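Subject: Structure for you to look at

Hi,

Here is the structure I promised to pass on. Have it open while you read, and my notes below will walk you through what turned up.

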Amino acid sequence: MLTRSLVKYALKELYAEQLDPLPDDAARAERLLGLTLCEPAMGSAAFLNEAIDQLADKYLALAQSARQQEDPAADRIPQADYAFEKQRVKMYLADHCVFGVDLNPVAVELAEVSLWLGALSADRFVPWFGFQLRTGNSLIGARREAYPASALELKPRDPAAWLNRAGDAVPLATDDENEDTPLGERIWHFLLPYPGMADYSDKVAKQLFKDELAAIKAWKKPFTKPFDAGELKRLQKLSIQVEALWTEHARELSRIRDRTSDPYPIYGHEARGEATSLAFKDALEASLTERYQQSAPAYRRLKLAMDYWCALWFWPIDRAEELPSREEWLWDLETLLLGDTIGAGPSNDTPDLFQLEPDRVEEGQRFVDRFGVVKLETLFRACPRLQLADQLAEQRRFFHWELEFADIFAGNVSGRRGFDLVLGNPPWLKVEWQEGGIMGDHQPLFALRNISASKLAELREQAFHDHPALLTAWREEYEESEATQAFLNAAGNYPLLKGVQTNLYKCFLPTAWRLGSEQGVAGFLHPEGIYDDPKGGAFREAVYPRLRAHFQFENQLLLFAEVHHNPKYSINIYGPQQPIRFQNIANLFAPSTIDACFISNGEGQVPGIKDEIEENGRTSITWNTEGDHDRLIQVDTSVLGTFRFAL
């Protein structure tokens with residue numbers, strides 16, 4: 001029920017933003033079929049399935065209305081045929097409109113099956129989700145953000161230096177738009193070092209890995225120093241190449257998506273395109289994503305460069321000596337991205353990395369002529385740091401949204417850059433290192449409280465002695481936790497959350513706003529922490545202009561069975577920024593109350609939070625789930641001032 005209500009009111013806002021302004025129902029129906037829906041923490045795709053179901057009803061209503069506007073004598077869909085027509089619309093939406101990401105590859109497989117079963121119709125058409133449902137960490141990845149070149153020459157303490165702020169968002173432009181863009185004046189953020197990389201500061205870790213962490217500390221200062229003129233010139237050249245590769249990849253991904261979207265006629269919409277086999281689709285996917293090819297395409301080169309940047313945040317402590325110097329970092333990126341010739345590297349070695357292939361098709365030859373050929377298998381032998389970055393990317397599942405869905409962000413799919421609707425119930429999980437989680441499996445006393453530090457050190461040493469593999473497991477668990485926290489807390493990655501206690505659901509909100517189109521809408525189910533955090537004022541300044549609806553629940557009826565009954569959470573609908581204006585309902589216990597509040601005519605007395613029921617001479621107390629129009633509060637700046645941030 002919570003899922004249904006969240007989707008319903010998110011779609012209501014989406015219709016107001018994107019459908020209602022259109023001139024007629026025919027245009028609205030066509031726009032609906034071109035919407036892009038995304039669930040960034042997908043699980044079993046519950047929100048996507050619910051959105052498809054509600055959108056199918058909306059589409060059929062619009063399509064029938066459009067047909068009758070064109071021909072008043074036209075018949076509506078017979079009731080007996082409605083379910084059949086709706087299933088076909090659901091299948092079309094599943095095949096063309098839904099996108100999702102999840103950290104767990106099994107969840108991605110389950111989501112595919114769930115979407116297929118939810119939209120299954122009599123014709124047994126099966127959608128292909130190869131470039132729609134992806135495995136990855138939605139919060140850890142590179143972005144289309146860049147800094148002015150001048151920011152790289154500033155001293156580290158200067159607030160305008162790249163080390164102290166986030167980059168500026170750079171839309172993925174068309175070729176025509178790029179002609180007037182000063183590409184050399186901006187440097188992509190993932191080509192730059194940050195102080196939070198390999199930031200391991202736990203006291204126990206410093207004792208266990210004293211020499212390695214000392215080496216990391218010695219590496220970091222020269223690695224993050226201001227850039228000189230020669231280095232800046234190299235970064236400018238790399239940044240121009242990155243944009244060219246990105247544009248090329250967006251164009252290629254758009255072409256592949258067109259070839260892999262099969263024609264599927266539905267009520268009011270004729271089939272378009274040409275059907276292709278599953279083997280053909282898989283081959284096209286492999287042409288982009290295959291790890292080892294004779295020539296790495298633009299996607300693989302960009303992904304590896306971004307993975308390399310992410311890998312520096314998660315660099316293994318036991319391989320500290322392999323961290324790149326500033327010169328090695330730039331040389332590795334040039335070797336990977338420039339792809340035409342290769343000079344002597346830091347070791348004065350000149351391996352043969354680039355091999356032209358004689359039997360390339362014309363299109364492939366044009367790519368080679370422009371970007372050269374990079375053979376990753378050979379590249380990894382010459383640049384072992386890049387191979388380690390590739391391995392860490394597989395392990396940590398870094399995810400680069402604007403790269404993986406480049407055609408979406410270029411506007412090649414819907415005509416709008418970004419996703420039209422982002423939905424989800426992101427993880428409610430604090431990011432913090434607790435060694436008891438892994439040590440407790442081998443030494444239960446670690447799970448107990450009030451044990452002295454000296455006793456813990458004794459138990460730890462004994463556990464490492466008794467279980468030789470435990471130290472490695474401890475280190476890897478620590479690296480993941482500490483690096484994740486450093487990444488999410490970095491001002492360059494999540495500037496709105498600076499100073500706020502990191503909880504994963506908070507990180508999903510700015511991520512969703514970044515992923516949304518200009519008229520995009522986001523709907524999330526999450527705790528109330530963003531509204532009462534005493535350090536979250538800056539974040540709330542970004543929240544309130546986007547907030548459209550806030551429906552606050554108490555878990556007394558255990559809608560979340562695994563959550564205690566006291567915590568509060570809410571349905572939150574976000575849209576484009578505007579003067580503060582949103583609808584608020586507090587003290588909800590059941591989703592049905594929301595609908596009742598909107599339907600109510602406002603007559604009668606507003607019900608209380610609890611009801612007393614007399615039955616057989618006994619009085620029992622129940623939670624009130626009735627709705628009333630007067631419970632619906634329209635919040636603007638003035639009303640919000642009355643609340644004083646205490647919703």
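Let's start with a pair of strands: in which sense do β11 and strand β14 pair, and over how many bridges? The pairing is antiparallel, and 4 bridges make it up. To find β14, go to residues 633-636. One residue to click on is N584, which stands opposite I633 in β14.

β11 has another partner too. Strand β9 (residues 547-554) is joined to β11 (residues 581-588) by 4 bridges, and these two run parallel. Here N584 turns up again, as the bridge partner of H550.

Before going further, keep in mind that this is a predicted model.

Now the wider view. The protein has 647 residues, and 53% of them count as buried. Its secondary structure adds up to 25 helices and 14 strands. If you take the contacts with a separation of 6 or more, 77% are between residues 24 or more positions apart.

There is also a small sheet to find. It is open, its 3 strands come in the order β5-β4-β6, and the pairing is antiparallel. The edges are β5 (168-169) and β6 (186-188); each has a single partner strand, so one side of each has no neighbour in the sheet. Between strand β4 (residues 145-148) and β5 there are 2 bridges, and E145 in that region stands opposite A169 in β5.

Next, helix α5, which I'd spend some time on. It covers residues 105-119, so 15 residues, and goes 22 Å from its first C-alpha to its last, close to the 21 Å expected at 1.5 Å a residue. Which of its residues are buried? They are A107, V108, A111, L115 and A119. Looking down the axis of α5, you'll see these buried residues within an arc of 100°, so they line one face of the helix. On the face turned away from that buried side sit the exposed residues V106, E109, L110 and L117. As for what covers the buried residues of α5, the list includes α3 (46-70), α4 (79-96), β2 (98-102) and β3 (133-135). Don't miss the N-terminal end of α5 either: N104 caps it, with a side-chain oxygen 2.9 Å from the backbone nitrogen of V106.

Helix α1 (residues 2-19) is worth a look as well. Its 18 residues should span 26 Å at 1.5 Å a residue, and the end C-alpha atoms are 24 Å apart, which agrees. Why can we call α1 largely enclosed by the rest of the structure? Because 13 of its 18 residues are buried.

E17 belongs to α1. Its relative accessibility is 19%, and since buried means under 20%, E17 counts as buried. Leaving out residues up to four places away in sequence, E17 touches Q519, V521, R548 and P576.

Last, the cysteines. Searching the whole structure for disulfides gives 0. Two cysteines to look up are C507, which counts as buried because its relative accessibility is 0%, and C597, which is buried with a relative accessible area of 0%.

That's what I have for now. Have fun exploring!

Cheers

Conventions: Residues numbered from 1 in each chain as written. Predicted model: local features only at pLDDT ≥ 70, side-chain atom pairs only at ≥ 80, totals over all residues. Heavy atoms only, no water. Disulfide = S-S within 2.5 Å. Buried < 20%, exposed > 50% of the residue type's maximum accessible area, 1.4 Å probe, protein only. Expected span 1.5 Å × (residues − 1). Arc of directions from axis to C-beta. Contact = heavy atoms within 4.5 Å. Polar contact = N/O pair within 3.5 Å; in protein donor to acceptor, adjacent residues only side chain to side chain. Pairing = 2+ DSSP bridges.
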